[in-house]
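User: Please take a close look at the metal site and the ligand beside it. I would like one connected account.

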Amino acid sequence: SYVIDQQSTVNPLLAQMQASNIGQTIVDLSNFQNRYYQTSSGQNASDWLKQRWTTLANGRSDITIEQFTHASWKQKSVIATIQGTDNASEVVVIGGHLDSINLSNTGETARAPGADDDASGVASLTEVFRVLVANNYKPRRTLKFMAYAAEEVGLRGSKEIANSYAAAGANVVGVMQLDMTNYKGSANDIYIYTDYTDSAQNTFVSNLIATYLPTLKVGTDQCGYACSDHASWNAKGYAASMPFEAAMGQDDPYIHTANDTYANTGNQADHALKFARMGLAYMVELGSDGP
Ligand SMILES: N[C@H](Cc1ccc(I)cc1)C(=O)NO
Ligand SMILES: [Zn+2]
Ligand SMILES: [Zn+2]
């Protein structure tokens, strides 16, 4: 049962979250020529993110930053783990995908900035990680921040990770996917997608928004197919949710082209900040539950 009872912890942290930090991470990731799963820049982006998260981890002994090596392609996924205190066997995951794609050119030097798809999601969850570490937050459950490789070519990185967690019997109590958070194409702010996700957790996410972000308007929609990495976790029976930037067909029109740039989302990250704040509330409310 999803209890919301961490207001005294969450509200001060929400106030510290800044769109400018999210925007900087989007720019940094967009500056790689591409982040395609088979190119050297795609590999370099993974190494850069590992280093970035390592810096943010600030030497804390309960935090590890690792790369998940995928046997059949070059780009590694990146996983940051904050070890839980007295309920560490239960795991909460927030993820986005590291890779980008230009569908008209997937060569070594193709231009694929992937600012919205999905630097915005990785930047949003990076801001969650930064604020939790900066405030020395210690979760009871284990928290994992994941930047998946190879999403654009069939959710391949998250599939390998979710399958390996299932094979290991990992007790992942919830997964949130942030794929495209910074293009406000619709009337509502956050759209909770109801296919390939868990309905009880979706209700919890909606309640988190009502509690912590009461000015935001929530919609629902469906992809009609396995449209991002949440589907990899859902397929293994884990509770997943996918809050998304817009209603179907009103999302960022520039994705998968050289024009998926920060400039084409207005050179600001105000929309992404909503998702980052929702993500922090999710990680703290679920992370604070005991055995
Ligand atoms: N197709 C997904 C993005 C996507 C997800 C949902 C909807 I509606 C429209 C577009 C993708 O490219 N993920 O990387
Ligand atoms: Zn995406
Ligand atoms: Zn995409």
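Analyst: What follows goes through the two zinc ions, then ligand 1, then two further residues. Keep in mind that this is a predicted model.

Start with the zinc ion (ligand 2). Its protein donors are His-97 through NE2, Asp-117 through OD, and Asp-179, which is listed twice through OD. These donors lie 1.9 to 2.2 Å from the ion. Six donor atoms surround the zinc ion (ligand 2), with angles of 31 to 152° among them. The site is irregular. Along the chain, the donors follow the spacing H-x19-D-x61-D. The pair His-97 and Asp-179 links distant parts of the chain, 82 residues apart. His-97 sits in strand β3, residues 90-97. Asp-179 sits in the loop between β5 (171-177) and β6 (190-193).

How accessible are these two donors? His-97 has 0% relative accessibility, so it counts as buried. Asp-179 has 4% and also counts as buried, because the cut-off for buried is under 20%.

Now the zinc ion (ligand 3). Its protein donors are Asp-117 (OD), Glu-152 (OE, listed twice) and His-256 (NE2). They lie 1.9 to 2.4 Å from the ion. Why is this arrangement irregular? The six donor atoms around the zinc ion (ligand 3) subtend angles of 56 to 156°, and that makes it irregular. For six donors to count as octahedral, opposite donors must be over 155 degrees apart and all others between 65 and 115. The spacing of the donors of the zinc ion (ligand 3) along the chain is D-x34-E-x103-H. Glu-152 lies in the loop between β4 (142-148) and α5 (156-167), and His-256 lies in the loop between β8 (240-244) and α8 (270-287), so this pair ties together parts that are 104 residues apart in sequence. Glu-152, at 18% relative accessibility, counts as buried. His-256, at 22%, counts as partly exposed.

What joins the two ions? Asp-117 bridges the zinc ion (ligand 3) and the zinc ion (ligand 2). The two ions are 3.4 Å apart.

Next, ligand 1. There are 14 residues around ligand 1, and Glu-151, Glu-152, Asp-179, Tyr-225 and His-256 come nearest. Some of these names have already appeared: Asp-179 is a donor of the zinc ion (ligand 2), while Glu-152 and His-256 are donors of the zinc ion (ligand 3). The polar distances add detail. An N or O atom in the side chain of Asp-117, the bridging residue, is 3.2 Å from an oxygen atom of ligand 1. A polar side-chain atom of Asp-179 lies 3.0 Å from a nitrogen atom of ligand 1. For Tyr-225, a polar side-chain atom lies 2.7 Å from a nitrogen atom of ligand 1. Taken alone, ligand 1 exposes 400 Å², and the protein buries 91% of that.

Two further residues round out the picture. Asp-189 is in the loop between β5 and β6, the loop that also holds Asp-179. At 7% relative accessibility, Asp-189 counts as buried. Beyond four places in sequence, Asp-189 touches several residues, among them Lys-184, Thr-215, Phe-244 and His-271.

Ala-119 is in helix α4, residues 115-134. At 1% relative accessibility, Ala-119 counts as buried. Its contacts, leaving out residues up to four places away in sequence, are Ile-26, Leu-29, Arg-35 and Gly-114. The C-alpha atoms of Ala-119 and Asp-99 are separated by 8.5 Å, with the two residues 20 apart along the chain.

How values were computed
Residues numbered from 1 in each chain as written. Chains lettered and ligands numbered in written order. Predicted model: local features only at pLDDT ≥ 70, side-chain atom pairs only at ≥ 80, totals over all residues. Heavy atoms only, no water. Donors = N, O, S within 2.8 Å, 3.2 Å for Na, K, Ca; no water. Tetrahedral: all angles 85-135°; square planar, octahedral: opposite > 155°, others 65-115°. Helix = DSSP H or I, 4+ residues; strand = E, 2+ residues; numbered from the N terminus. Buried < 20%, exposed > 50% of the residue type's maximum accessible area, 1.4 Å probe, protein only. Near = heavy atom within 4 Å. Polar contact = N/O pair within 3.5 Å; in protein donor to acceptor, adjacent residues only side chain to side chain. Areas by Shrake-Rupley, 256 points an atom, 1.4 Å probe, with all protein chains shown as cover. Contact = heavy atoms within 4.5 Å.
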